Structure formats: C-alpha cells, structure tokens
Amino acid sequence: MNKMKNFFLSLKTTVWLLTGLICVFFLGSYLMPAYRDVHGTMNDRLLFQWVEQVAVNHPWVTGWFFLTLAALVLLTINTIACSIQTVKGKWSAEDFLLRISPQVVHLAFVVILLAHLLSAGWGYRISGMLPEGASARLPENRVLFLREIRAESDVRGYLRNWFAEVILYENGQRVAVGVLGPNAPLFYRGMGVYLKSFDLQRSPAAFLLVTRDPGAVWALVGAVLFMIGTMVVLFLKWKKT
C-alpha cells in the first residue's frame with residue numbers, strides 16, 4: 001500500500017507518464033495516416049462510439065489510443081494525489097498564492113479531462129441531408145423540421161449567402177425556431193444545429209449537423225482556471241527573481 005502511495009505521490013511518476021504519453025503520441029501520429037480506414041471516422045463519431053464500433057475490433061492498430069487512456073488515468077490519479085498531499089501540508093500567509101496556484105492548474109487539468117469524458121459519453125453528433133419540408137427525429141424526444149431554404153445571389157449571379165429556416169420540437173411542442181446560415185447556428189439546451197451546405201440542383205435539401213456537447217462548459221471552466229493558475233505562477237516566480 002505504501003509503495004502504491006509513494007508511486008502516485010512521486011514527481012518521477014509524473015515525468016515518466018508524460019514521457020510515455022509523448023512516445024505514444026508519436027506512435028499514433030504514424031499509425032493514424034497509415035491506417036486511415038480505421039482512424040478516419042474518429043472525427044465523425046463520438047469517442048465512445050468509435051471505441052465500441054471500431055477501435056476494439058482493431059486492437060493492434062488502435063493500441064496506442066488505449067495506452068493513451070491508461071496513461072491519462074494514471075496521470076489524473078497522480079495529479080489528484082499530489083494536490084491533496086500539498087493541500088494537507090502546513091500553510092503560511094507569505095507563500096499561500098505560490099502554493100495554491102499550481103493546485104489551480106492541476107484542478108484545471110482534471111476539469112478539462114472531465115469535460116472530454118462527458119462529451120464522449122453523453123453527447124451526440126448527427127449529420128445528413130434533410131429535404132425542404134421534411135423532419136428528422138433526434139435524441140431526447142426531439143424533432144427537427146426544415147421549413148425553407150433560401151439562397152441569395154449578387155448582381156452577377158454569384159452566390160452571396162444562404163439560409164435555412166428550421167423549427168425544433170420537443171415532446172410534440174415547438175420549442176425553438178431559427179434561421180441557420182454560415183456561422184449562424186441554432187442553440188437549444190446544450191444542443192447545436194449547424195447548416196454545413198445545401199443542394200438546389202434536384203429538390204432543395206440542406207446538409208445539417210446536430211451536436212450536443214455536455215462537456216463544453218466544463219472545458220471552458222478548465223481553460224479559464226488553467227490560464228489564471230499559470231499566470232499567477234509566472235507572475236510570482238518573476239517577482240521573486
């Protein structure tokens with residue numbers, strides 16, 4: 001028990017885990033382009049979906065990914081254990097900021113990992129062509145209806161802008177109406193609807209992307225904490241020199 005405790009409280013553990021992560025990342029950077037048929041769908045699916053549907057069926061090709069997960073789990077435990085050990089120590093008013101700011105950075109690291117875990121496990125990403133006047137069923141008992149597609153051209157006939165009017169229903173009730181456009185999505189309770197492209201050649205249809213990312217807010221919180229902690233550490237170190 002003491003050996004395990006010393007292992008997770010050691011700075012050497014952090015160094016070796018980070019070194020291992022770098023090596024595994026190098027391995028992944030080679031395997032990903034070499035096996036595009038396996039890794040090509042990582043960005044098109046949620047992480048847990050990709051693991052369940054693809055990665056587990058190609059363990060030799062995706063082994064680097066599972067090694068990365070294992071290293072991140074150990075690094076998280078190492079970070080939490082070191083932070084708890086530091087917080088339990090004796091504090092003084094003079095070195096309070098200098099000692100607490102690294103713990104804020106550690107907390108930011110854990111929060112960002114938590115954000116990715118939430119997004120991978122409880123989010124979704126759906127895309128496809130939806131004809132004008134048609135509906136698509138979504139998770140959480142929601143339905144997306146594409147009411148109209150409009151395209152605007154300039155005096156020379158070149159396409160200038162395009163829009164898609166959509167209506168979102170939840171449990172049979174209309175809950176949101178939006179006009180989608182370039183960089184103009186519709187947001188509703190953590191879900192985003194994006195207009196990626198459209199087709200007016202045959203029957204009007206829009207290529208829509210619907211995502212739900214429950215970890216987005218936590219990722220922002222982690223990024224802010226990381227920035228604050230890092231700036232305080234750098235300022236205090238600079239002040240002491």
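Let me start with the second largest pocket, which in this predicted model is lined by L9, S10, L11, T14, L18, L75, N78, T79, C82, V105, H106 and F109. If you sort those residues by character, you find seven nonpolar, five polar and no charged residues in the lining of this second largest pocket. As for where they sit in the fold, α2, which runs over 11–34, α5 and α6 each contribute at least two residues to that lining, and the largest share, four residues, comes from α5. The space in this second largest pocket comes to about 200 Å³.

Now to the largest pocket, for which the computed space is about 830 Å³. Its lining is made up of 24 residues, and the ones that lie nearest the centre of the pocket are L47, L113, H116, L117 and A120.

Which helices and strands each supply at least two residues of this lining? On the helical side they are α4, at 47–53, α5, at 59–88, and α6, at 96–122, while the strands are β1, at 124–131, and β8, at 205–212. Of the contributors to the largest pocket, α6 gives the most, with eight residues, whereas in the second largest pocket it was α5 that held the largest share.

How many residues in the lining of the largest pocket are nonpolar, how many polar and how many charged? The division is 15 nonpolar, five polar and four charged, and I would ask you to set that beside the second largest pocket, where the lining has no charged residues.

Definitions and conventions:
Residues numbered from 1 in each chain as written. Predicted model: local features only at pLDDT ≥ 70, side-chain atom pairs only at ≥ 80, totals over all residues. Heavy atoms only, no water. 1 Å grid on protein atoms, 1.4 Å probe; cavity = no way out; pocket = protein on both sides within 12 Å on 5 of 7 lines; lining within 4 Å. Points joined across faces, edges and corners; volume = space filled by probe spheres on them. Nonpolar A, V, L, I, M, F, W, Y, C, P; charged D, E, K, R; others polar.
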